[in-house]
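Dear colleague,

Please find below the structure that I am handing over to you. A summary of the findings follows it.

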Amino acid sequence: MLKLNSKFKIQHLEFLLPVLFPLAGILPALSTGIIRTADGPIHLHRIYAMTLQMRQGDLWPRWTPYFHLGYGYPAFNFYPPGAYWLGGLLGLVGIDAPAAFNLLMAASWIGGTLGAYALARRLLPGKCALLAAMLWAYAPARLHEVWSQGSLTQMAAAAVVPWFFLALLLAWRQPSRRHAACLGLTLAALPLLHLPIAFLTVLFAAPLIVLAAIETAIRRRTRLVPTLVCLGGGLALGGGLAAIFALPMVAELPLITASDSAAGADYLATSWMTLADLVIAPRPLDLTDLRLVMPSTLGPLAVLLGAAGMLALLVRRRWGLAALLGLGLAATVFLTQQDSEPVWLNVPYMAQLRFPNRVLRVGIVPLAVAGGASLLLLPVRWRAAGLGAGLALVLFGSLPWTYPARDFLRWEALSAADEIQMELDDHVWGTTSYNEFQPVWGETIPLDSPGIETYADAPLRIGVYGNDLIQLYPDLVAEQLEDQAVRVTLTRPLPVRFRQFYYPGWTATLDGRPVEVYPEDERGLITIDVPAGEHILRLRYAGTPVQAAGTLISLACLGLAGVLIATGRGGPGAESSEPTAPRLALAVGAGALIVGLANGLLIAPGTTWLREQSPPESPAAMQTPVHAAFGGVYELLGYTLTQHTVVAGGTLDLTLYWRALQDDGRVFVPVVQLVNLTHSAAWAVNQDNGLRYVNYPTDRFTSDAIRLDVFEGIPPYAGRIKVQMVDRDSGDALLLENGDDFLLLEPVIQIQGSAPAPAHTLDYVLGGAVRLVCASARWDGSGLSLDLAWQVDAPLEDDASIFIHLRNPRDRLIDQHDSQPFGGDYPTHLWQPGQILADRYELPFRPSFAYLAIGLYTPEDATRLSVTQDGRPVEDNLIRLPIGGAPCWGE
């Protein structure tokens, strides 16, 4: 089913080439600080905390006392600590947290590129593997990770993914002790680094494991037992190696207020990708833009090369490899689309991943391998030239996105006080986005600011709660002796509370003797009952039995993995029938090195090449200027809108461009809606995209990418985009110069679709363009309800109004009602050919009323539109309708 190169032996020079590929992206990212990204500061502070606690002798911290505003937090017990633990090791040898962050990001970039090469090299010739490595290194999702998201753990886990699939492949095709150990090590690394990537990788790998067992049972029966033992043993070993984190994380999950599935579903609803999102080409950076808009996508070039590679594999009859890569690519596309929502909601815990674009971190692996295979379409003698062209296209096409578009964050002396200040500024309690690791004890969550300055010098200090509020505790005097030791003097027995959340694993001594620790009711703080007199209290987080068990299991499995590697063999190697020639390897390496150094040392810091620098009042990417001032505080420069139609339940994308006119200290949030033409209903409202307009400079602009999720069930009419700038705290909207608190953008957005097919009881043609196919006039007890079913055959050039005459038995007019169809929400000049439209009118009761007469006319000259029936003109161009008749759409 799947053919491996049979005498694999990687040439040393060829193996080193992928190490040089990410250089052009790594060098501009290196600094004395870190890039100002969405998640970067959080990961930096976690590295610092890990280093701090490891220096105190806690080699695998689970609880950090100063997280969550000094109340303590079990961040490392529930969020994978692997990357931070590596950062802590670097800290132990004197490397500060910002440098450790940058080194780990660079190592992940290089390691993942090397893994993509090693995987592809087992399946394809050397030139193909080099192109696959370059595609992985400069996938747009990778650059998004570095410059926009800044998630160190996700970057590191993504780097392990190709190594895991390589280990899985080797365990399948060449079962051995060493390959079982490699499979276990790579599998364990995933949950120790990033749970969402681990979850998705296992989801992708599960079908592959089943296929491996089936293929071995059918085609290689004599190898079935060794293969199953290698695969099963490797997976079990991986579980054991990860037990130090996974076991207590799972067992103690009920002890925290983890986010529920409903919240995950809410995020999914606003995060689906379209097929266009998967292949969109990012725009070059604009140095005047305050916001880096870097889409997480596969990219058009990778998709094109991947399609070519799939064709090449089919042409060369590599059916097995083509099937496996195709399965991976199909899963990648499917899981990013809204059609996959039932899978996300019904697979346990999958909704907690929240963002479907995470799938791209796994899906880029089969796409890169498929893209590398595209060289197989070329004759052998042309593949060197094809490799050069492919590498150049990928690298130079990515260079515009290898420059920092944001400031670097720098700290003179990073401390725990900086982490607490970040929590207060950004509301990331305990370094989490949703406070999902909050212990369950206590009725309220305290969010009061501690004395931040004390944490700069004593970050692990745990003090008596309220010790600075003597008037509230007149019977208690506390003196801090050490970080986690206090002397208390009480005039009567009291429960002494500490500024630290209770969690199993905390122990305490009273004058050297163990004493019970329990949570107080209101805030869930550590509490100890202390008798009157002077006493010394000491706290220590000793961990829980399940945490100790997980540690022992992982240590035992680590020893077992070492034994398997030392006593096992890796299996037969292979030399490709088409090795990379030494001269070509040298040329590729020299080219990657020269471009990397030039980009990192010359182009990025010394020029603005490959980047735009728009005037602050005229962004280059802006299509339509507006220049509307909101309250003299912000100016809407204009917008970019590429779609003017949308379906109910679909999405509408636009980008607004704002510039600050002044800074008055308030925080503003843009509110964007799709409203009907009379402004009486909103059909879509933008979700909070996290932007907060405050302290913006006046010599820059901000691009604000808006995605409107249009509601299900809205009528197929037309709407406009409504824009407001709202004060976050007061809810008041800034006023325009004309006094309005909103602006309607000019384009009319057509809502595509039709009403359900009605009963066809009539066939009148009005104006040669619109048919009245059904009408039903019925008394409802208080008045008359008139339902009309229109079928649009051709556009109406002018707007028309409808007239409704109520006539008596003598054909005399007793009442008349004129209006725009649909109450003005859908003028007739916007009606689309092929639409069926349902229109309803409520009319008052008239005793002498006998029948209705209706028609359309142009208000400008009061001329009625012509009416025909069966091709013959209708008298007076009006349609006479009796009372009653079958409903147009059922009861």
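**Strand pairing around β10**

Strand β6, residues 506-510, runs antiparallel to β10, and five bridges join the two. Within this pairing, L510 stands opposite L537 of β10. Please bear in mind throughout that the model is a predicted one.

Strand β10 covers residues 533-541 and also pairs with β4, residues 485-490, again in the antiparallel sense, through six bridges. Here T489 has E534 in β10 as its bridge partner. E534 also takes part in a salt bridge: its partner is R487, and the closest N and O atoms are 3.6 Å apart. This contact links distant parts of the chain, since R487 belongs to strand β4 and E534 to strand β10, with their positions 47 residues apart in the numbering. The count for the structure comes to 20 salt bridges.

**The six-stranded sheet**

An open sheet is built from six strands in the order β26-β23-β22-β21-β29-β30, and the pairing is antiparallel. The edges are taken by β26 (836-844) and β30 (872-873); each has a single partner strand, so one side of each lacks a neighbour in the sheet. For β26, the antiparallel pairing with β23 extends over nine bridges. One of the facing pairs consists of G783 and, in β26, P844.

**Aromatic pairs**

Across the whole structure, 32 aromatic pairs were found. Among them is the pair of Y717 and Y826, whose ring centres are 5.4 Å apart and whose planes meet at 20°, so the pair is stacked. The two tyrosines come from distant parts of the chain, 109 residues apart: Y717 lies in the loop between β17 (701-709) and β18 (718-727), while Y826 lies in the loop between β25 (813-819) and β26.

**Surface patches**

Two patches on the surface may be of interest to you. The first to be mentioned is negative and is formed by E797, D798, E860 and D861. Of these residues, D798 is placed in the loop that connects β23 (783-792) with β24 (801-807). Strand β23 is also a member of the six-stranded open sheet described above.

The other patch is nonpolar, with an area of about 460 Å², and is made by L185, L552, L555, L558 and I565. Which element contributes the largest share of the nonpolar patch? Helix α24, residues 545-567, does so with four residues. L555 is one of the residues located in this helix, α24.

With kind regards

Conventions: Residues are numbered from 1 along each chain as its sequence is written. This is a predicted model: local features need pLDDT of at least 70, side-chain atom pairs count only at pLDDT 80 or more; totals for chains, interfaces and linings use all residues. Side-chain values use heavy atoms; hydrogens and water are left out. Patches are made of residues with over 30% relative accessible area and no salt bridge: like charges are joined within 9 Å, nonpolar side chains (Val, Leu, Ile, Met, Phe, Trp, Tyr) within 5 Å. Accessible areas come from the Shrake-Rupley method with a 1.4 Å probe; for residues, only the protein chains shown count as cover. A salt bridge is a side-chain nitrogen of Lys or Arg within 4 Å of a carboxyl oxygen of Asp or Glu. Lys and Arg count as positive and Asp and Glu as negative; His and the chain ends are not counted. The place of a charge is taken as NZ of Lys, CZ of Arg, CG of Asp or CD of Glu. Two strands pair if DSSP finds at least two bridges between them. Rings of Phe, Tyr and Trp (its six-membered ring) pair if their centres lie within 6.5 Å; planes under 30 degrees apart count as stacked, over 60 as edge-to-face and the rest as tilted.
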